[in-house]
Amino acid sequence: MVGESNGVLAVLLGVLTLLLVVAVHRRNGAAIVNALVSLVLALCSVFVAGGFQSPWLAVDTPALPVWVTVAGLLHSVGMLGPYESVWWWDHLTHTVSAALVAALLYAGLVVAVATDAALTLSPLAIAVTTVVYTFLLGVFWELGELVARAVGKRYGIEPVLVHYGWRDTAFDLAFDLVGALVVVALDVRVFVALADRFPDATQALLAWTGGVVTVGSVVMALGLYVEANG
């Protein structure tokens, strides 16, 4: 099973690389950046899932890199046209990506509660925290799209992230919630074993992510307000 999953992962990484080549061929700057970032994240996830030591694609727990690569593929393909031409593509991408984030958060919280006596969250509280955390990350992403649009407009460059309007933002956040709710409703614990291998790093990552999302969201919101009213 692991060998088959690694084979699938190799194919997915190959397709993602091909999408990067297509974006370069089309001279689509935004698509190039997004495909490149997606590929880097996918390769980093291979490294993490291999325990920071496994040889190339010899990953014992390929669920993380496969999921990360699929999410990156959906987003990279979307940047080449489907985001604008296929009405459900953005919804699918947000659901898959949010479910990935939620599954990682869920696993991290489960491990944090199990290893830190100071944390006494109930299973319901873990589930609620996961959904809220995922939603806040979604808000952070949407603010990033708005900032990218503002920067592009100010300097006359193509934005790396594209904002399609407030209606699209509402749908994006709604499907972020769908992805998170699916994870907690099905009690998806596929990443618990991985998080349990690095409990200290898991707790630190949860704390730092929360801080970055909170501070970053406030800073971006204030910046957008000043830009709109300055």
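**Note on salt bridges and helix packing**

At 42% relative accessibility, Arg 189 counts as partly exposed. This value, like the others below, comes from a predicted model.

1. Arg 189 has a charged partner. Asp 187 forms a salt bridge with Arg 189, and their closest N and O atoms are 2.9 Å apart. Asp 187 is itself partly exposed, with a relative accessibility of 35%. Both values fall between the 20% and 50% limits, so neither residue is classed as buried or as exposed.

2. How many salt bridges does a search of the whole structure find? The search finds two. Besides the pair just described, Arg 154 forms a salt bridge with Glu 227, with 2.9 Å between the closest N and O atoms. Arg 154 lies in helix α6 (residues 123-155) and Glu 227 in helix α9 (residues 199-229), so this pair ties together parts that are 73 residues apart in sequence. Arg 154 counts as exposed at 54% relative accessibility, while Glu 227, at 39%, counts as partly exposed.

3. The two helices joined by that bridge also pack against each other. The axes of α6 and α9 come within 9 Å and cross at roughly 40°. The two helices are therefore oblique to each other; the limit for roughly parallel is under 35 degrees, so an angle of roughly 40° does not qualify. The crossing of α6 past α9 is left-handed.

4. On the α6 side, the residues in this contact include Tyr 133, Leu 136, Leu 137, Phe 140, Leu 143 and Gly 144, and also Arg 154. On the α9 side they include Leu 206, Thr 209, Gly 210, Val 212, Val 213 and Gly 216, and also Glu 227. By class, the contact of α6 with α9 has 14 nonpolar, five polar and two charged residues. Arg 154 and Glu 227, the salt-bridge pair, are both among the contact residues.

5. A further helix pair is α3 (residues 63-79) with α5 (residues 89-115), which pack at an angle of about 155° with their axes 9 Å apart. That makes α3 roughly antiparallel to α5, because the angle is over 145 degrees. The crossing of α3 and α5 is left-handed.

6. Which residues make the contact between α3 and α5? From α3 they are Leu 64, Trp 67, Val 68, Val 70, Ala 71, Leu 74, His 75, Val 77 and Gly 78. From α5 they are Trp 89, Leu 92, Thr 93, Val 96, Ser 97, Ala 99, Leu 100, Ala 103 and Leu 104. The contact of α3 with α5 has 14 nonpolar residues, four polar and no charged ones.

7. Ser 45 is found in helix α2 (residues 29-49). Is Ser 45 buried or exposed? At 6% relative accessibility, Ser 45 counts as buried, the cut-off being under 20%. Not counting residues up to four places away in sequence, Ser 45 touches Leu 64, Pro 65 and Val 68. Leu 64 and Val 68 also belong to the α3 side of the contact with α5.

8. Thr 130, in helix α6, is buried, with a relative accessible area of 0%. Leaving aside neighbours within four places in sequence, Thr 130 is in contact with Ala 102, Leu 105, Tyr 106, Leu 109 and Val 184. Thr 130 and Val 182 are 52 residues apart along the chain, and their C-alpha atoms are separated by 11 Å.

How values were computed
Residues numbered from 1 in each chain as written. Predicted model: local features only at pLDDT ≥ 70, side-chain atom pairs only at ≥ 80, totals over all residues. Heavy atoms only, no water. Salt bridge = Lys/Arg side-chain N within 4 Å of Asp/Glu carboxyl O. Helix = DSSP H or I, 4+ residues; strand = E, 2+ residues; numbered from the N terminus. Buried < 20%, exposed > 50% of the residue type's maximum accessible area, 1.4 Å probe, protein only. Axes fitted to C-alpha atoms, helices over the stretch in contact; angles between N-to-C directions. Parallel < 35°, antiparallel > 145°, perpendicular 65-115°, else oblique. Left-handed = near helix turned anticlockwise from the far one by under 90°. Contact = heavy atoms within 4.5 Å. Nonpolar A, V, L, I, M, F, W, Y, C, P; charged D, E, K, R; others polar.
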